[in-house]
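I open this notebook to record what I looked up, beginning with one side chain and then turning to the pockets.

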Amino acid sequence: MRTQIVAGNWKMNKNLEETEALLSELSAKLPDTNAEVIVAPTFVNLASAVRHLQSSVVQVAAQNMHFEESGAFTGEISADMLLNIGVTTVILGHSERRSLFNEDDAFLAKKVQTALAKDMRIIFCFGEELEERKNNNHFAVVSSQLKNALFNLDTAQWQHLVLAYEPVWAIGTGETATPEQAQEMHAFIRKTIAEAYTPELADEVTILYGGSVKPTNAGEIFSQPDVDGGLIGGASLKCDDFIAIVQAI
Ligand code: PEP
């Protein structure tokens, strides 16, 4: 049985008070679930979130990190800094990092190496843009994103990886991939991993879907056999919506 995860990416939202209020509400309302529940507040609120969730099953992830250990990298955060405050999971490769901050596969591969060297768990995001899907290039794009950033890893390192397929055209747009489109791509991802590694490894990897998941569509998407949960943006900022999505798994 693969690990199921519902993760909320809060992006650049919520100040300290708002973060603590949402975390308290979330912990209080969280139903019994077999899924791991993760939230990713902004960097400045991570330490507080870890403290706040000390006796909660809700886990904390960072939205990004740099690959260098330390030094003259103004504005950046290192793996050790995250570990030092108790954050052991990091989201890498989010489409906003790729498109707005020019993070390409080679750059992300370095971040993956650093995170793994530090024994962190990675939620690795990837997905095609609208034009690429329209041109029927989506499978090739996804396959090359995986190959370039991850296929140099050994099998043991994959134990620390969670994949998040996020078609860029569905992120924050209200446009969701249909459950069939999500399933088709998730099955393709497993096939690609099986070819590069083994069918057993492909079968073990948790693959999340992300892109305008809401309480109204989560159940259908999560019921697809190769979808193991979701990475949720907008809807993770509202406690009741996020809880409803967790309940949908
Ligand atoms: C995301 O940013 O990872 C995301 C899936 O956003 P949204 O749910 O708002 O589309």
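I count as a polar contact a pair of N or O atoms within 3.5 Å, where within protein one must be able to donate a hydrogen and the other to accept it, and residues adjacent in sequence count only if both atoms are side-chain atoms. By that rule I find the side chain of Arg190 in a polar contact with the side chain of Asp228, at 2.8 Å.

I note that this is a predicted model, in which local features need pLDDT of at least 70 and side-chain atom pairs count only at pLDDT 80 or more, while totals for chains, interfaces and linings use all residues. Residues are numbered from 1 along each chain as its sequence is written, and side-chain values use heavy atoms, with hydrogens and water left out.

Is Arg190 buried or exposed? I enter Arg190 as buried because its relative accessibility is 7%, where buried means under 20% relative accessible area, exposed over 50% and partly exposed in between, with a 1.4 Å probe and protein chains only.

Leaving out residues up to four places away in sequence, I list among the residues that Arg190 touches Arg2, Ala202, Val205 and Asp226, contact being heavy atoms within 4.5 Å.

I then placed Arg190 in helix α8, residues 179-196, helices being DSSP runs (H or I, at least four residues) and strands likewise (E, at least two), numbered from the N terminus.

For the largest pocket, I note that helix α4 (residues 95-100) gives the largest share of the lining, three residues.
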